[in-house]
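Trainee: I would like to go through the terms used for this structure and hear the reasoning behind each of them.

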There are 2 protein chains.
Amino acid sequence: MSMNISQALGENITAAIQSVVGTDPVALHEPSFDGNESMYLQDCLDSTYVSSVGKFVDQFEFELAKYAGAKYAISVVNGTAALHIALKLAGVQASDEVLLPALTFVATANAITYCGAVPHFVDSEERTLGIDGAKLREYLLGNTSQASGRCVNKNTGRIISAMVPMHTFGHPSDLETLLSIARDFNITLVEDAAESLGSYYGGQHTGTFGLFGTLSFNGNKTITTGGGGAILTNNLELARHAKHLTTTAKIRHAWEFRHDEIGYNYRMPNLNAALGCAQLEMLSSKLKAKRDLFSRYQNAFVDIKGVELFNEPDNCQSNYWLQTLLLDEDQSDNLDVILAITNAAGIMTRPVWVLLNELVPFKDFPRADLTTSQSLSRRIINIPSSPNLVLDKS
Amino acid sequence: MSMNISQALGENITAAIQSVVGTDPVALHEPSFDGNESMYLQDCLDSTYVSSVGKFVDQFEFELAKYAGAKYAISVVNGTAALHIALKLAGVQASDEVLLPALTFVATANAITYCGAVPHFVDSEERTLGIDGAKLREYLLGNTSQASGRCVNKNTGRIISAMVPMHTFGHPSDLETLLSIARDFNITLVEDAAESLGSYYGGQHTGTFGLFGTLSFNGNKTITTGGGGAILTNNLELARHAKHLTTTAKIRHAWEFRHDEIGYNYRMPNLNAALGCAQLEMLSSKLKAKRDLFSRYQNAFVDIKGVELFNEPDNCQSNYWLQTLLLDEDQSDNLDVILAITNAAGIMTRPVWVLLNELVPFKDFPRADLTTSQSLSRRIINIPSSPNLVLDKS
């Protein structure tokens, strides 16, 4: 029986992954609960504090801010809610444009639309999998002008008020370049750090460079609260406002129910924060396991032609949330075959998201040249990344 | 020392409440976890399914629909999210108006604004504490016209596309009259049943009369999921669409990430649904305890002048979520004194919400005459209502 090239590559990848994780079926990313999760959940039941306030909410916010080196953390129901409020408080107005990578999860764009604003898609770079700063600067020089201290898209006449880099799979974007662009063009930087808890750029935690950073604790993330997210900021007034807006904008009073603006019910329940507190205690061991897993994959893939294991960018320490294979350009037509072969072998592998500009709800929105994003979207394969793949075997 | 009338009434109320609940400090409403809560939470940890999917989500939705006699239930993060999606799928468009009582929690109005629509406040009646149907019909006859099968506010020119009665403290609104108005004026009925799980109008569960009904499982509700809510509907297509919209509008596929409309991250995590499944098993005993508590308060308040214990409307069975005192008209100036005396005695009592039309964010929105709402807002006092106030003492 003859075997074509894509099948051979698919089988080589399958063998390499199985040499690390074994031959049982394996998920892309599973949470693990090896700490105080059970005890803290029971504590919620015993205290009856399961809902909108409680000691675990306070503790989770305190520990999270401390861990990330942010002054303040505000816990919310999920990363989407975190982004929505961060953008709103960053001053994004209806009909503004907000820059974001085309290569991100749909939540980044959705949150922009919740503000009534328009997602404006820009290209990513292969080095970081995040926004290509050099290309963005050139694009903005050619397509925008400054008016009254605001950046205006010359093609649409709309203000570009914010940019939202996303740290893909936990790899920090080129924050130094993006920050300089934000300053030079009067664009507010909000970091979508949903995937990058535990990732550092030049020694500083992601999500603490912009006016806001947002985190996610969905079940597939490095640590989970069931559903959950958080807003990071170093600005006291904005932190207070974020807490106010996410808790129905109720004014403190002994018994009166009075709200002073249109608010949201975005608070993280104490039950979910309890899980988060226990998970946060295990974060460093999970991160260590993820780096170990990366090393093992590195050894397994060193001799496999046609594909490369993605490594953290220079000057960065990534959390390696999702381990990533990058197919060579000349292998990109084989993506579907490789996904089929690996999934058929019980290995959960996934492509990256369909580029957002290609989705029906976003197809008519403004975008820059997206050549690299288009290439990456045909070449990225995420492979099993759970920390317990190492912990269970060490 | 002489004692004025308001102090005397405050002390009589304090004594009556304490004759039922004892003299220890007592909350307005506390959850209790006397069933399988601990076991189901542990099951989530053991299975690792704490997040966006899981057997408890499916079970909670199934059991909830069955209990309410709705064909479908879609669980979401909270009652606000439920209302947002229900209104969106009811066809509420930006710049439409939506009728709601001025006497409701702020979430009802907030959800309307999330659709870009305009809250339009109408009056409530003392008999149900919900929308006054007779008064609404007269108001609509005088202030609206029909154009192309839509109801148009003649004063603003905007379409009135929906009405959202809210079943205050668990007491069903006058659904028969409101349904006939909805039909006669081409206005879609969506029920805010956040407070009325376990409440029936003419033998049918609240939240199943309108195109949608929405529930809340916040910590202060009859049963809790920490944070949570649900959408009820009898329409399969709308149920599917609600599930789709609340789960990021992702198209089912073995591995592709493609979304066909702007969606929301509103799903209830499996962890919270686990709590809900256990709580739902205890619902009938909680409801029984609440009716018992009502009877005990009835006996305690029978001889107290100046205040009346609110009783379920005719032809209804209420869940008595929050027990309610209604001050006589001539006592309404004494509300704050009575709140101060009871709270100082360790009894958590609360007034009703500030009327929404009086809040800064809503003060310029359209409203009907609100005479009864204004009267009720100065006369309602909620008193301790937890089911365990009876269960612990029986």
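The exchange below takes up helix packing, burial, the contact between chains and a sheet.

Mentor: Keep in mind that this is a predicted model.

Trainee: Why are helix 2 of chain A and helix 9 of chain A called roughly antiparallel to each other?

Mentor: Their packing angle is about 155 degrees, and angles over 145 count as roughly antiparallel. Helix 2 of chain A and helix 9 of chain A are therefore described as roughly antiparallel. Their axes are 8 Å apart, and the crossing of helix 2 of chain A past helix 9 of chain A is right-handed.

Trainee: Which residues make up this contact of helix 2 of chain A with helix 9 of chain A?

Mentor: From helix 2 of chain A come A:Glu37, A:Tyr40, A:Leu41, A:Asp43 and A:Cys44. They meet A:Asn270, A:Leu271, A:Ala274, A:Leu275, A:Cys277 and A:Ala278 in helix 9 of chain A. By class, the contact holds 8 nonpolar, 1 polar and 2 charged residues.

Trainee: What makes helix 5 of chain B largely enclosed by the rest of the structure?

Mentor: A residue is buried if 20 or more other C-beta atoms lie within 10 Å of its own. In helix 5 of chain B, residues 106–114, 7 of the 9 residues are buried, so the helix is largely enclosed. The buried ones are B:Val106, B:Ala107, B:Thr108, B:Ala109, B:Asn110, B:Ala111 and B:Ile112. They pack against helix 4 (79–89), strand 2 (97–101), strand 3 (118–122) and strand 7 (188–192) of chain B. After helix 5 of chain B comes B:Gly116, with a positive phi near 75 degrees.

Trainee: How many residues does each chain give to the contact between chain A and chain B?

Mentor: Chain A gives 51 residues and chain B gives 51. On the side of chain A, the elements that give two or more residues are helix 2 (37–47), helix 5 (106–114), helix 9 (270–281), helix 11 (335–344) and strand 15 (350–351). The largest share, 5 residues, is that of helix 2 of chain A. That side of chain A divides into 22 nonpolar, 22 polar and 7 charged residues.

Trainee: What makes strand 12 and strand 15 of chain A edge strands?

Mentor: They belong to an open sheet of 4 strands in chain A, with the order 12-14-16-15 and antiparallel pairing. Strand 12 (307–309) and strand 15 each pair on one side only.

Trainee: How do you know that strand 14 and strand 16 of chain A pair?

Mentor: Two strands pair if DSSP finds at least two bridges between them. Strand 14 (residues 323–327) and strand 16 (residues 380–383) of chain A have 4 bridges, in the antiparallel sense. The bridge partner of A:Leu325 is A:Ile381 in strand 16 of chain A.

Technical notes. Residues are numbered from 1 along each chain as its sequence is written. Chains are lettered from A and ligands numbered from 1 in the order in which they are written. This is a predicted model: local features need pLDDT of at least 70, side-chain atom pairs count only at pLDDT 80 or more; totals for chains, interfaces and linings use all residues. A residue is buried if 20 or more other C-beta atoms lie within 10 Å of its own, exposed if 12 or fewer, and partly exposed in between; C-beta atoms are placed from the backbone. Two residues are in contact if their C-beta atoms, placed from the backbone, lie within 7 Å. Ala, Val, Leu, Ile, Met, Phe, Trp, Tyr, Cys and Pro count as nonpolar, Asp, Glu, Lys and Arg as charged, and the others, Gly among them, as polar. Axes are lines fitted to C-alpha atoms, for helices over the stretch in contact, and angles run from 0 to 180 degrees between N-to-C directions. Angles under 35 degrees count as roughly parallel, over 145 as roughly antiparallel, 65 to 115 as roughly perpendicular and the rest as oblique. A crossing is left-handed if the near helix is turned anticlockwise from the far one by less than a right angle, and right-handed if clockwise.
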